[in-house]
Amino acid sequence: MKIKDVYLSDILFKNFVQLFYDLTGIYLKDYKKYLVEYRLCKIVGPDKPFKTYEELYEALLHDTKGDLRIQFTNLLTTNYTYFFREENHFHFLKEYIIKNYKTQNYMRLWSAGCSTGEEAYSMAIVCHEALGNMVHHYDIKILATDISMDVITFAMKGVYHYSKIRGNIEDHLLKKYFYFDKDKKTFTIKESIKNLVQVRFLNLMDTFPFTRLFDVVFLRNVLIYFDNNEKEIILSKIYDIIKPQGYLILGLSESLVGIRHKFIQLPHSIYQKEV
Ligand SMILES: C[S@@+](CC[C@H](N)C(=O)[O-])C[C@H]1O[C@@H](n2cnc3c(N)ncnc32)[C@H](O)[C@@H]1O
């Protein structure tokens, strides 16, 4: 793909940044210009639906149906993820479930910024492994949310090409929780796992619509998109929807240094709500 067939001026880049911010609450910094060009040139260029970035921007402004805005959002969000990413957190979740299910009437887990679903389905596998047959008699559910409709649609299907799975999931778990299609070389999540997971659209900048409190919230590799002020708003909203002594888990490389929040910090990017 040639990026330089068309030129993205600094002014137009700023317009895209503003529009993306209005749509998602995510602020793209100046050094992301190359990324924006790279992502948008999939639909901008001599042989593409939009010949220039100006044309795309005008079309976005007049996009009354909203389809183009959805495509624009999908193109600019980063969806990298894989099963059992940062494994420590899944061990932690398993321990939490085993230790607490007898004293909790229900458990709610949330994969916030779930991307293509690998994180939420890994959590569901952990639920099965932790509870065994009890999983069918206990009120435990996982909510998986994202702002990109592309990844939500993908996550809902729960079908993964073997090349994306290999090496990340132990063989016995693959056999137990997936069907393998030899012709298509895809693994499909079994119903018993899918049934635990609800995949929904949710912009983390919007008001949260929840009626029940969460035990553990995975918010991993998502806060990178937001500035400090927005991070504080999101963390405060999440604090309010976590059970007392419940947990928030961030990506291992993420830190809340310089960000105001009410959580107690534990090792491995794990945060706990006070009683
Ligand atoms: C890098 S992925 C992280 C996936 C998974 N949590 C993990 O750690 O492997 C970040 C996800 O956050 C989503 N995201 C970004 N901004 C968001 C927002 N404002 N509301 C909801 N999801 C958002 C992106 O669409 C993307 O799928």
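In this predicted model, the largest nonpolar core holds 49 residues, and among these F16, W110, L219, I238 and L248 touch the most other members. The elements that give two or more residues to this core are the helices α1 (10–24), α2 (33–40), α3 (53–61), α4 (67–76) and α11 (228–240), together with the strands β1 (106–112), β7 (214–219) and β8 (242–250). Of these contributors, α1 gives the most, with six residues. Because domain 1 (10–76) and domain 2 (88–272) both give residues to this core, it lies between them.

L219 offers a view of the surroundings inside the core: leaving aside residues up to four places away in sequence, L219 touches A112, L204, I234, L235, I238, L248, I249, L250, G251 and E254. Apart from the largest core lies another one, made of 44 residues, which include L93, I152, L196 and V199.

**The two domains**

The protein is divided into domain 1 (10–76) and domain 2 (88–272), and the C-alpha centres of these two domains lie 29 Å apart. Nine residues from domain 1 and nine residues from domain 2 take part in the contact. The size of an interface is often given as the accessible area lost when the parts come together. Between domain 1 and domain 2 the buried area is about 780 Å², and carbon and sulfur atoms give 52% of it. On the side of domain 1, T24, I26 and N74 supply 51% of the area that this domain buries against domain 2, which is more than any other three residues supply.

Helix α2 belongs to the elements that give two or more residues to the largest core, and its buried residues are K33, V36, E37, R39 and L40. An α-helix has 3.6 residues a turn, so residues three or four places apart point the same way. What covers the buried residues of α2 includes the helices α1, α3 and α4.

**The sheet**

Strands of a sheet pair through backbone hydrogen bonds, either parallel or antiparallel. Here an open sheet of seven strands follows the order β6-β2-β1-β7-β8-β10-β9, and its pairing is mixed. The edge strands are β6 (197–201) and β9 (264–266), each of which pairs on one side only. Neighbouring strands of this sheet are turned against each other by 20° on average, with direction ignored. Helix α11 packs on the sheet and touches β1, β7 and β8, while the direction of α11 makes about 140° with that of β8.

The table lists strand pairs of this sheet that run parallel.

| Strand pair | Bridges and sense |
|---|---|
| β2 and β6 | five bridges, parallel |
| β1 and β2 | seven bridges, parallel |
| β1 and β7 | three bridges, parallel |
| β7 and β8 | five bridges, parallel |

Individual residues show how these pairs are matched. D146 has F201 in β6 as its bridge partner, and M107 has I140 in β2 as its bridge partner. Further along the strand order, W110 is partnered by V217 in β7, whereas F214 stands opposite I242 in β8.

How many residues of β1 are buried? Seven of its seven residues are buried, and the strand is accordingly described as mostly covered. Both faces of β1 are covered, with Y106, R108, W110 and A112 buried on one side and M107, L109 and S111 buried on the other. Strand β7 has six of its six residues buried, so it is largely enclosed by the rest of the structure.

**A loop residue**

Where is K190 placed? K190 is found in the loop between β5 (186–189) and α10 (191–194). Its relative accessibility is 21%, and K190 therefore counts as partly exposed, since the buried class is reserved for values under 20%. K190 and F178 are 12 residues apart along the chain, yet their C-alpha atoms are separated by 5.2 Å. Residues up to four places away in sequence not being counted, K190 touches K175, K176, Y177, F178 and Y179.

Definitions and conventions:
Residues are numbered from 1 along each chain as its sequence is written. This is a predicted model: local features need pLDDT of at least 70, side-chain atom pairs count only at pLDDT 80 or more; totals for chains, interfaces and linings use all residues. Side-chain values use heavy atoms; hydrogens and water are left out. A nonpolar core is a set of buried Ala, Val, Leu, Ile, Met, Phe, Trp, Tyr and Cys residues joined through side-chain atoms within 4.5 Å. Buried means under 20% relative accessible area, exposed over 50%, partly exposed in between (1.4 Å probe, protein chains only). Helices (H or I, at least four residues) and strands (E, at least two) are DSSP runs, numbered from the N terminus. Domain bounds come from an automatic or database domain assignment. Contact means heavy atoms within 4.5 Å. Two strands pair if DSSP finds at least two bridges between them. Axes are lines fitted to C-alpha atoms, for helices over the stretch in contact, and angles run from 0 to 180 degrees between N-to-C directions. Buried area is the accessible area (1.4 Å probe) that two parts lose on being put together, summed over both.
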